[in-house]
Amino acid sequence: MVKIAPSILSADFAYLADEIKKIEVAGADWVHIDVMDGFFVPNLTFGAPVVKKIRKVTDLFFDCHLMVENPEKYISDFKAAGADQIVVHVEATKHLHRCIQQIKAEGMKAGVALNPATSLTTVEEILPYVDMVLLMTVNPGFGGQSFIESMVPKVARLHQMIEERGLQVDIQVDGGINAQTAPLVKAAGATVLVAGSYVYGAQDVAQAIASLKD
């Protein structure tokens with residue numbers, strides 16, 4: 001069964017606790033937390049102190065997507081704040097294997113993310129060590145962008161790589177996911193869908209989440 005991970009980047013920050021409870025009641029599986037530093041991507045969001053605060057309002061799985069340079073500096077902080085999984089970008093760290101080891105040593109699940117123009121060859125060696133690969137289906141940094149359709153074959157190629165190696169690795173997609181694009185990436189092998197504006201912009205949040213699962 002595909003998991004739905006609404007991104008709180010599209011939530012109303014003034015009522016963040018209520019916005020998280022809203023998706024929990026509506027059937028979300030995970031909370032996707034986009035952490036941006038203004039350097040790796042041209043935007044600033046929130047850090048570990050905010051994660052620590054919102055950890056108190058839900059037991060949902062916290063999927064922390066670190067769109068930051070040198071993510072290894074922040075792993076312990078996010079562990080202490082209550083993260084369940086940390087995803088780092090292959091483009092953002094010089095020592096990816098060491099970074100993944102650090103996340104695992106803290107007792108969290110570990111994922112690696114790729115920007116649209118980054119080749120799958122960059123994760124071939126790390127695949128046996130991660131729980132998830134996140135393929136960006138927009139260029140990271142802002143919510144509400146249009147889905148890049150050429151990423152669908154990339155999802156399929158990653159699925160094939162994982163299958164050929166006999167691994168149990170989730171494939172997450174993030175960017176422009178809605179009722180029209182979700183079936184495309186699911187058919188290609190995606191198992192976790194991040195959706196921000198589609199979920200939080202819906203009049204009926206439960207129906208929006210259900211439409212992604214169907």
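The following exchange concerns strand 8 and the second largest pocket of a predicted model.

Colleague: Which residues of strand 8 are buried on one side, and which on the other?

Modeller: In a regular strand, side chains alternate between the two faces of the sheet. Strand 8 spans residues 192-195, and both of its faces are covered. The buried residues are Val192 and Val194 on one side, and Leu193 and Ala195 on the other.

Colleague: Which residue is the bridge partner of Lys3 in strand 8?

Modeller: Strand 1, residues 3-6, runs parallel to strand 8, and four bridges join the two. The partner of Lys3 in strand 8 is Val192.

Colleague: What is the handedness of the crossover from strand 7 to strand 8?

Modeller: Strand 7, residues 170-174, pairs with strand 8 in the parallel sense through three bridges. Within this pairing, Gln172 stands opposite Val192. From strand 7 the chain passes through helix 6, residues 182-188, to reach strand 8, and this β-α-β crossover is right-handed.

Colleague: Which element gives the largest share of the lining of the second largest pocket?

Modeller: The second largest pocket has a volume of about 230 Å³. Of its 15 lining residues, Asp131, Gln168, Val169, Asp170 and Thr191 are the closest to its centre. Two elements, helix 5 (151-164) and strand 7, give two or more residues to this lining. The largest share, three residues, comes from helix 5.

Colleague: How do the residues of that lining divide into nonpolar, polar and charged?

Modeller: The lining of the second largest pocket comprises 15 residues. They divide into five nonpolar, five polar and five charged.

Terms used: Residues are numbered from 1 along each chain as its sequence is written. This is a predicted model: local features need pLDDT of at least 70, side-chain atom pairs count only at pLDDT 80 or more; totals for chains, interfaces and linings use all residues. Side-chain values use heavy atoms; hydrogens and water are left out. Buried means under 20% relative accessible area, exposed over 50%, partly exposed in between (1.4 Å probe, protein chains only). Two strands pair if DSSP finds at least two bridges between them. A crossover is right-handed if, with the strands pointing away from the viewer, the path from the first strand over the helix to the second runs clockwise. On a 1 Å grid over the protein atoms alone, a cavity is a set of points where a 1.4 Å probe fits but cannot get out, and a pocket is an open set with protein on both sides within 12 Å along at least five of seven lines; lining residues have an atom within 4 Å of a point. Grid points are joined across faces, edges and corners, and a volume is the space filled by probe spheres set on the points. Ala, Val, Leu, Ile, Met, Phe, Trp, Tyr, Cys and Pro count as nonpolar, Asp, Glu, Lys and Arg as charged, and the others, Gly among them, as polar.
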